[in-house]
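Reader: I would like to go through this model with you, beginning at the place where its chains meet. Could you take my questions in turn?

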Amino acid sequence: MRRLTWFNTTALTLGFAFLYLPMIILIIYSFNESKLVTVWAGFSTKWYGELLGNEAFLSAAWVTLKVAVFSSTLATILGTLGALVLVRAGRFPGRTLFSGMIYAPLVMPEVITGLSLLLLFIGIGLDRGVFTIVLAHTTFSMCFVSVVVSSRLVSFDRSLEEAALDLGCSPMEAFRLVTLPIIAPAVISGWLLAFTLSLDDLVIASFTAGPSATTLPMKIWSSVRLGVSPEINALSTLMIGIVAIGVISASLITKRAALRQEAEERAAVQA
Amino acid sequence: MRRAALIIIPYFWLLALFLVPFLIVLKISLSDTALAIPPYTPTLDFSNGWQGIKDFWAALDLENFEFLTTDDLYWKAYLSSLKIAVIATFLTLLVGYPIAYGMANAPDHWRPTLMMLVILPFWTSFLIRVYSWMGILSNEGYLNQLLMGMGVISEPLTILNTNTAVYIGIVYTYLPFMILPIYSALERLDASLLEAAEDLGCSRLTAFWLVTVPLSKNGIIAGCFLVFIPTLGEFVIPSLLGGSKTLMIGKVLWEEFFNNRDWPVASAVAVILLLILIIPIILFQRNEQKQREADG
């Protein structure tokens with residue numbers, strides 16, 4: 001029954017046109033000469049030049065990158081621990097509460113997460129800035145990491161780990177030499193997810209940033225509220241380009257790794 | 001010992017940065033607004049010992065919640081958020097199902113690419129995806145230019161800053177969340193069931209309604225919840241694409257907090273929003289649980 005009928009072809013064409021046309025238009029018009037974004041006045045890269053000369057955007061981009069690197073790394077460590085607790089720790093007092101706290105932030109409206117964290121930071125008298133954004137981002141993205149890693153841990157064959165223990169590994173060595181390499185793809189995709197979530201976040205950062213720190217989405221926000229601007233088009237194009245390159249090369253790498261593994265397995269069988 | 005340490009670290013982190021902040025919101029929603037720093041009373045004062053804690057308890061009340069019921073801005077905002085979320089979820093289903101169906105019936109070697117094309121927008125900035133519609137929908141935007149150029153309309157359509165633009169924005173940004181669960185349900189569907197239905201005299205369309213749709217039910221339910229739940233508290237889309245008449249509770253909360261600096265009312269708004277969200281969240285969890293059990 002796998003056939004491309006006219007219906008399926010139309011659905012796919014229209015669907016993907018809907019998903020991609022807005023971004024394609026944005027990219028095309030980022031090379032527009034005119035200040036008036038909806039009127040085409042010839043090809044130009046001047047908005048990219050203006051963007052790179054804009055100190056405020058550059059420093060916001062730097063803050064965003066710092067926050068994303070720190071929070072996603074921290075979230076990956078905590079989230080992996082969280083996944084181990086969910087899948088491996090068995091019963092312990094407060095387990096239901098724990099799994100609730102892992103799953104709840106996934107569906108929590110950002111305005112509520114942001115508001116509650118801000119009230120906490122003010123309550124304990126913590127000065128708001130890069131540090132508080134890192135704390136906030138770590139908290140919600142560690143839950144995403146936990147979910148990704150735990151789905152991998154569930155399908156993990158524990159006898160491999162037991163074999164390592166029987167062969168004289170300490171539990172820590174068994175984790176490092178056997179478990180970690182096997183769950184590594186999930187840990188890496190968890191890190192990437194946490195990194196993207198942090199780069200992307202506007203609402204939670206706005207609540208927890210305070211006056212001293214501005215992230216790139218906050219900067220974009222304050223500019224797009226006033227309407228469409230050619231500089232934001234240029235910035236969007238750069239961001240879309242980076243993501244597209246990242247996602248496409250990641251998928252090519254995993255595809256090649258899968259092919260290599262297949263070839264090795266075939267070679268092993270023949271030998 | 002090691003196990004206890006393993007549990008304590010993430011547990012403690014979530015308690016301190018998820019549960020406690022939440023209790024603070026609950027507490028402030030029961031407080032009164034004050035012209036002070038922080039702008040609410042009472043604040044918990046341990047220096048007076050037991051009496052301080054008693055006074056603190058006595059000063060908490062449901063006044064803010066009563067205020068929410070008397071000022072019709074709030075319940076209108078809740079109702080309008082619910083309405084927008086329901087309609088937008090339905091529209092996303094209408095747009096998403098044919099795409100998922102087309103993907104599931106595409107030749108095998110196309111599918112990884114199609115999957116990547118659906119996921120790719122999810123990795124690009126949400127804010128930028130919403131922003132991209134501002135240039136399309138505005139009065140002098142690309143859509144109006146196109147329609148007027150073709151002679152379909154003579155006056156530009158006002159779409160930006162209306163609820164229509166909000167629906168378009170929601171369908172656009174949440175579409176991958178609808179497509180993916182439906183696709184994974186349709187992909188597992190056994191094609192011989194459809195052949196059997198057709199052999200037994202069903203037309204293609206009847207077979208679709210009687211076999212394909214019921215068997216993709218779990219995917220549809222999951223997709224609808226994945227769109228409905230975040231949409232209800234949405235802030236970015238109504239603020240950028242909606243107009244002054246677009247009432248959504250996420251926007252009200254933001255304005256209450258940042259513009260009016262009324263923390264107790266903002267907290268009360270948050271508490272009610274959560275109470276509304278608990279029902280669909282529990283239903284969603286139950287659906288996922290059933291799905292897992294069915295998969296074995």
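Reader: How many residue pairs are in polar contact between chain A and chain B?

Author: This is a predicted model, in which local features need pLDDT of at least 70 and side-chain atom pairs count only at pLDDT 80 or more, while totals for chains, interfaces and linings use all residues; pLDDT is the predictor's confidence in each residue, from 0 to 100. Residues are numbered from 1 along each chain as its sequence is written, chains are lettered from A and ligands numbered from 1 in the order in which they are written, and side-chain values use heavy atoms, with hydrogens and water left out. A polar contact is a pair of N or O atoms within 3.5 Å, where within protein one must be able to donate a hydrogen and the other to accept it, and residues adjacent in sequence count only if both atoms are side-chain atoms. With both residues at pLDDT 80 or more, the count between chain A and chain B is eight residue pairs.

Reader: Which helix of chain A gives the most residues to the side that touches chain B?

Author: By class, that side of chain A has 63 nonpolar, 15 polar and five charged residues, where Ala, Val, Leu, Ile, Met, Phe, Trp, Tyr, Cys and Pro count as nonpolar, Asp, Glu, Lys and Arg as charged, and the others, Gly among them, as polar. Helices (H or I, at least four residues) and strands (E, at least two) are DSSP runs, numbered from the N terminus. The most, 14 residues, comes from helix 1 (residues 6–29) of chain A.

Reader: What area is buried between chain A and chain B?

Author: The contact (heavy atoms within 4.5 Å) takes 83 residues from chain A and 86 residues from chain B. Buried area is the accessible area (1.4 Å probe) that two parts lose on being put together, summed over both. Carbon and sulfur atoms give 80% of this area, which is about 7,600 Å².

Reader: Which residue meets Lys46(A) in a salt bridge?

Author: A salt bridge is a side-chain nitrogen of Lys or Arg within 4 Å of a carboxyl oxygen of Asp or Glu; the count is eight over all chains, but zero between chain A and chain B. Lys46(A) pairs at 3.4 Å, N to O, with Glu33(A). The pair links distant parts of the chain, 13 residues apart, with Lys46(A) in helix 2 (residues 46–52) of chain A and, in the loop between helix 1 and helix 2, Glu33(A).

Reader: How far apart are the end C-alpha atoms of residues 165–186 of chain B?

Author: UniProt, in an unreviewed entry, annotates residues 165–186 of chain B as "transmembrane region", one of several such spans in that chain; its positions are given in the numbering used here, feature names are shortened, and annotations may be inferred rather than shown by experiment. In the model this span is 100% helix and 0% strand, and its end C-alpha atoms are apart by 30 Å.
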